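Please work through the exercises below with the sequence and the model side by side, trying each task before reading its solution.

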Amino acid sequence: MSVAVEPTRTDKHRTRQRTKPGYVRMKSTRRGVDNPKRSVLLTVLTGIVLIYSLIPLVWLFINASKTQADLFTSFGLWFSGDFALFGNIGDTLAYDDGIFGRWFLNTVLYVVLGAGGATFLAVLGGYALAKFSFPGKKAVFAVVIGAVAVPGTALAVPTFLMFSEMGLTNTPWSVIIPSLISPFGLYLMWTFASEAIPTELLESARMDGAGEFRTFFQICLPLLGPGIVTVLLFTMVATWNNYFLPLIMLKDPAWYPLTLGLNAWNAQASTAGGEAIFNLVITGSLLTILPLIAAFLLLQRYWQSGLSAGAVKE
Amino acid sequence: MTTASPPPAVLGTQPKPAKRAQKRPQKRSWSGWLFIGPFMAVFALVFLAPIAYSIFLSFFRNQLVGGNGFVGLANYSQALQDPQFWSSLLRVTLFLAVQVPVMLLIALLVALALDSGRLYGKSFFRISIFLPYAVPAVVASLMWGFMYGTRFGLVGNINSALGISLPNPLSPELILASIGNIVTWEFIGYNMLIFYSALRVIPKSLYEAAEIDGASQFRLVTAIKLPAIRGALVVAGIFSVIGSFQLFNEPAILQSLAPNSISTFFTPNLYAYSLSFSGQQYNYSATVAIIMGVITMVIAYAVQLRGMRKES
């Protein structure tokens, strides 16, 4: 599945121009084609998709501001009764001795170690694939790409059995270790590194007698900035949103990440004798998505240029 | 540092021609493994070992008499005759056939609209449509699940406001479409961004040439843009195929809201999960998972072949 092919000469030249000098935004420089007339019709049509994308988020925000009683009696897409958002947030954080805070910290732990580690491994590996010729390189690529197609459960069950032999289940390691591998991150880093690092630069560094690691950390790493941010964001999303892996690995709610915790709260309503806490599920959901949305908004500049470099290679 | 760089004098004697014109062949050495090694070591632990173990498991069966015994391909023949497995496979195939094209088409149209430069507030569109990607599948499913609900959901609201009764999106007939809607919502922005990024790097000279020739916008799209981003389309297609066959989170979470609509064998992944974690049938579960892995790889490979053939 070698989807990606070596970039053509022109591609390479162009990206280098765009990505190197301070990562200039993708401001287009096409003239004529560049400044066409704005179209109201097209804006309205695309607006439909925009509304579709935003409505559930608006719904979530509005309903996070309602009390449990108002939830059932009021219209979903408008505010009603008291503005109870802050009360709800307080309740969410306080419920069950503040277990939500614990879940939040667990998630942060999994994201920092899992996504951070995954990014580190992907950056090193992508650099190797882009800039080295080593025995077994083709095999590495084939195996990694092939493995992406294997369904999660094909891995989950045996990983669970293996980890339980090793005594790792129901510990944070059972969630962190499998998160360390991001084939998509490796692919992105590979495409990014092959364009962002001029081979001549590597050769002159080697000629000066710099060791491989020094060359990498001092010369190459700074050039890989936007690519690293992009991979980090995507691995963060993957670990922050992870549900399946913790679901099978963790039994103890004290180690749950947010996703598992929210689902447990939701399921609580349908179990006999369970207290229905839909307002907390909704407010908790809002609190869960805020950090990621903030990260994407704040780091836009980086991940958009990082992703576009990845797209060059086709 | 086994790749000691040659002294400058030696370098000077190297044949000069074609040195700049083409990518110099990199020297083959083991030093690349310094960098790919850590990835591959963890990869072996969390991907290769479990796959090998899965295959191993699939040849055994826990029998009432004699305990765990080698049964050859018996698990595979059982799976291929298992109506529950087939029904789950059929369901995700239907899902794949409908949801993926709809999602990719919308994503493509939005990407083309953004790229045309004819939108007001382009960057607002781009970031807003992408945002759902940052929402965990759990939250997306809960959110949509509540909105689908007839009790305090939007559907219930609309029904009581207009005095009509819309069909229940969580009913057995509509649940697959409702899940399709959630997945579409989650991934339109992601695919849009892949397409848009690919569109941005089309050389401007191509547009200028087309402009001189008086090509219409539509021709511009069909003759230049679509062929240029074919690679991105193939990649998005492959990821979507893989995603559809692995469908798990959304139905698993909606199960508590719609227990009557989502069976334990709703998707192959859900089936494999229920087999091992509710039924303790680890061997059979591993078999189902391997069959799905093989099917996924074959289809992903077919998508790629088809995508590449259009190139010529």
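The exercises that follow move from the numbering to the core, the chain contact and the annotated spans.

This is a predicted model, in which local features need pLDDT of at least 70 and side-chain atom pairs count only at pLDDT 80 or more, while totals for chains, interfaces and linings use all residues. Residues are numbered from 1 along each chain as its sequence is written, and chains are lettered from A and ligands numbered from 1 in the order in which they are written.

**Exercise 1.** Find which residues touch the most other members of the largest nonpolar core.

Solution. A nonpolar core is a set of buried Ala, Val, Leu, Ile, Met, Phe, Trp, Tyr and Cys residues joined through C-beta atoms within 7 Å, where buried means that 20 or more other C-beta atoms lie within 10 Å of the residue's own, with C-beta atoms placed from the backbone. The largest core has 166 residues, and those touching the most other members are A:M189, B:A111, B:M192, B:F195 and B:V288. Helix α8 of chain B (residues 175-200; helices are DSSP runs of H or I, at least four residues, numbered from the N terminus) gives the most to this core, with 16 residues.

**Exercise 2.** Establish how many residues each chain brings to the contact.

Solution. Counting residues as in contact if their C-beta atoms lie within 7 Å, chain B supplies 99 residues and chain A supplies 97 residues. On the side of chain B that touches chain A, helix α2 (residues 33-58) gives the most, with 17 residues.

**Exercise 3.** Describe residues 40-62 of chain A.

Solution. UniProt, in an unreviewed entry, places a "transmembrane region" at several spans of chain A, including residues 40-62; this span is 100% helix, with its end C-alpha atoms 29 Å apart.

Terms used. A residue is buried if 20 or more other C-beta atoms lie within 10 Å of its own, exposed if 12 or fewer, and partly exposed in between; C-beta atoms are placed from the backbone. Helices (H or I, at least four residues) and strands (E, at least two) are DSSP runs, numbered from the N terminus. Two residues are in contact if their C-beta atoms, placed from the backbone, lie within 7 Å. UniProt positions are given in the numbering used here, feature names are shortened, and annotations may be inferred rather than shown by experiment.
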